[in-house]
Amino acid sequence: MAAADPETAAALWAEVATLRMRVQELEAENQRLARIASSCTCGFKEDSVGSITTQHNGKFHQSGPLEKDLSFPFDHTVISTANEVHCNRNADDNGLPDDSGKSNKRRGRNVGILSHCPKRLVALKVMYFGQRFYGFSSEGNIEPTVEPEIFKALERANLMVGSRKEACYSRCGRTDKGVSATGQVISLYLRSNIKDVGGDMLDERSEIDYVKVLNRILPRDIRVLGWCPVPAGFDARFTCLSREYKYLFWKGDLDILEMQKAASKFIGEHDFRNFCKMDAANVSNYRRRITEFTISACDRRSNNHELCSMMIKGTAFLWHQVRCMVAVLFLTGQGLESPSVVDSLLDITKTPRKPQYKMAPELPLILRYCLFDKANFMCSSDASRSLTEHLNDEYHHHMLQAEIFHIASSCLPFLEPNSSEMLQKKRNHIPLLSRQTEPSYEERISKVKTKLADNLK
């Protein structure tokens, strides 16, 4: 091929310089629009123009002998319009636990800057076995937690369309260390195969099989159970109608009837400050509504011990509320406390300070279900089949482990039940209402205000 003459080379260099200047102009304009969008708190208009930037490295090539000399790296800037996505909550609210007790007021709207690919707001139902995790949220400095594992899988599957803030990410609850879930729900914008997700005739069969794709990547103790499209304005935390927890325990010598009497006293709206870990700096309202609290057998036995469960359903829960309620019920089941102690602890006038007592263990607690209006989670037949096989494999694996422990225990000499041990425990028991107490809410908030005032000096 003939070499380019000097005039052609000069023309090409001029064109390259023009392209570079145009790229710089587009980048400057995009940054200006991004600054405007990031500070915008106005309402959403369907025809609003948003600026969305995707930058990647590329090369400009011109064939011929000058190709090597004229190749240079530059940023392709893609500007997309009419793709504003407004989150229906302040970004600061997104990190709060479900049981934080903060006001649900939405203090403005954030404009997310997403990539140019088709996307849709999706809710994912997630299960995880909490034994190895230090909770669900990734906000603490302790690892591992569940949330980062989900985002790693989303990124590996190329389903993310921006940062968490840009994707309007929200979660229904924030379970603590060791707690499991079979019905945790998160929502965020994900990449979609459907270009017009707002159309009237959608064929969901052409959509990405989110369950199948993610479960191929997630670790064995985390699985997505289903997905569903949700409307703009959906928030996994604030639009949840109710949450259901289940707590497993071995019956042993516990008096289930006494425990059920005490449990029924929780039903209704009460101030649960004596049944939670108080966070006075962030929570001022400790009233919550329990709609159902039942105790039943699970049709499972081991060494003549019967497995039972507590089912607790409510609109929202405080930090450690379930484990504190269960702890008091265990004391009533052992005959160490009367069911009436629940009435006393719910009466904050009579008992303004929480007595010191140990919470129930975290491992048997499960976030069983989160209820939403018109949220019908889907799972393809292929994904469902794989899920069933995986869960059965995990079940059999843990049953084998349990059998090993059972065999080991059978090698020990048989010991007669020690009735004097329980009598000694009852003699040593200090009634809840006679124990040392934690600071009241008023005392805690006064300390917080004093600390803030000192920091401002």
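This text follows the aromatic rings of the structure, first in pairs, then in a cluster, and finally beneath charged side chains. The model is predicted.

A search of the whole structure finds 12 aromatic pairs. One of them joins Tyr247 and Phe330, whose ring centres are 6.1 Å apart and whose planes meet at 65°. Because an angle over 60 degrees counts as edge-to-face, the pair of Tyr247 and Phe330 is assigned to that class. Tyr247 belongs to strand β9 (residues 242-250), whereas Phe330 belongs to helix α7 (residues 321-333), so the contact ties together parts that are 83 residues apart in sequence. Tyr247 has a relative accessibility of 1% and therefore counts as buried. Phe330, with a relative accessible area of 16%, is buried as well, since the limit for that term is under 20%.

A second edge-to-face pair is formed by Tyr286 and Tyr441, with 5.8 Å between the ring centres and 70° between the planes. Here Tyr286 lies in the loop between β10 (268-271) and β11 (287-302), and Tyr441 lies in helix α11 (residues 441-456); the pair therefore ties together parts that are 155 residues apart in sequence. Both Tyr286 and Tyr441 are buried.

Ring pairs also build a cluster, which links Phe266, Phe272, Phe275 and Phe293.

Charged side chains meet aromatic faces as well. Arg164 lies over the face of Phe151, at 4.0 Å from the ring centre. In the case of Lys354, the charged end sits over the ring of Tyr357, at 5.0 Å from its centre.

How values were computed:
Residues numbered from 1 in each chain as written. Predicted model: local features only at pLDDT ≥ 70, side-chain atom pairs only at ≥ 80, totals over all residues. Heavy atoms only, no water. Phe/Tyr/Trp six-rings, centres within 6.5 Å; stacked < 30°, edge-to-face > 60°. Helix = DSSP H or I, 4+ residues; strand = E, 2+ residues; numbered from the N terminus. Buried < 20%, exposed > 50% of the residue type's maximum accessible area, 1.4 Å probe, protein only. Lys NZ or Arg CZ within 6 Å of the ring centre and 35° of its normal.
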